[in-house]
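Please open the model in your viewer and set it to a cartoon display, with side chains ready to be switched on. The tour goes from one selection to the next and says what is found at each stop.

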Amino acid sequence: MSSRPSPTRVSFASVTANNLGTVRKLNSVLFPIKYSDKFYSDIVQPEVEDFCQLIYYNDIPIGTMCCRLEVKDGVAKLYLMTLAVLAPYRSRGIGSQSLQHLIDTATAHAKPKIAAIYLHVQISNTDAKRFYQRHGFAEVGLYENYYKKITPHDAWILEKVIGPAAKADEGK
């Protein structure tokens, strides 16, 4: 029998003011940095509700994924700020299910049409880099001194193209 959870055991819910405390608590355990109040106010905005999600396993919150929508030169990209699952729930395919959920949601998003998803990975985190590469992300650059309070300071920039680089205002 496989240790992979059935899809019905994993579910997602938008981050809201009502569950923001849960997100804060999970992030304090999952990440080596403390996120600002602005980060938390940004992730409850209506335009990102499909992309900022609590990850549940059997109705227990076990992870988070938070993105922001960026439009530059008329091209919309989704920046994946955080994606993490509590240690006891790792290596069960939950991170992969979560990332695929995000990719599917971003691909279906129409206004604006999202051309790509990108993120930063600390250069010491080769496991995370391999995880994203398995899901079609490619290294597109190196951001020197990206991290100010943790070492190493540099980060890879990984990106997955999910749609044509259409102008964000097309189709409105």
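The stops below take in the sheet, a helix that crosses it, and then the buried interior of this predicted model.

Begin by colouring the strands, of which 7 form an open sheet with mixed pairing, in the order 1-2-3-4-5-7-6. At its edges are strand 1 (10-14) and strand 6 (138-143), each of which pairs on one side only. Direction ignored, neighbouring strands of this sheet are turned by 30° against each other on average.

Next, select strand 4 and strand 5, which run parallel and are joined by 4 bridges; if you pick K77, you will find its bridge partner, A116, in strand 5.

Now add residues 20-30, which make up helix 1: this helix lies across strand 2, strand 3 and strand 4, and runs at about 95° to strand 3.

Then show the side chains of the largest nonpolar core, which has 28 residues and in which L80, L99 and Y132 have the most contacts. Helix 3 gives the largest share of this core, 5 residues. Centre the view on Y132, which, leaving aside neighbours within four places in sequence, is in contact with L80, L83, L99, L119, V121, F137 and L158. Apart from that core lies another, of 16 residues, including L30, Y35, F39 and C66.

Finally, select S98 in helix 3. Is S98 buried or exposed? Because its relative accessibility is 0%, S98 counts as buried, and, not counting residues up to four places away in sequence, S98 touches F12, I55, M65 and L83.

Conventions:
Residues are numbered from 1 along each chain as its sequence is written. This is a predicted model: local features need pLDDT of at least 70, side-chain atom pairs count only at pLDDT 80 or more; totals for chains, interfaces and linings use all residues. Side-chain values use heavy atoms; hydrogens and water are left out. A nonpolar core is a set of buried Ala, Val, Leu, Ile, Met, Phe, Trp, Tyr and Cys residues joined through side-chain atoms within 4.5 Å. Buried means under 20% relative accessible area, exposed over 50%, partly exposed in between (1.4 Å probe, protein chains only). Helices (H or I, at least four residues) and strands (E, at least two) are DSSP runs, numbered from the N terminus. Contact means heavy atoms within 4.5 Å. Two strands pair if DSSP finds at least two bridges between them. Axes are lines fitted to C-alpha atoms, for helices over the stretch in contact, and angles run from 0 to 180 degrees between N-to-C directions.
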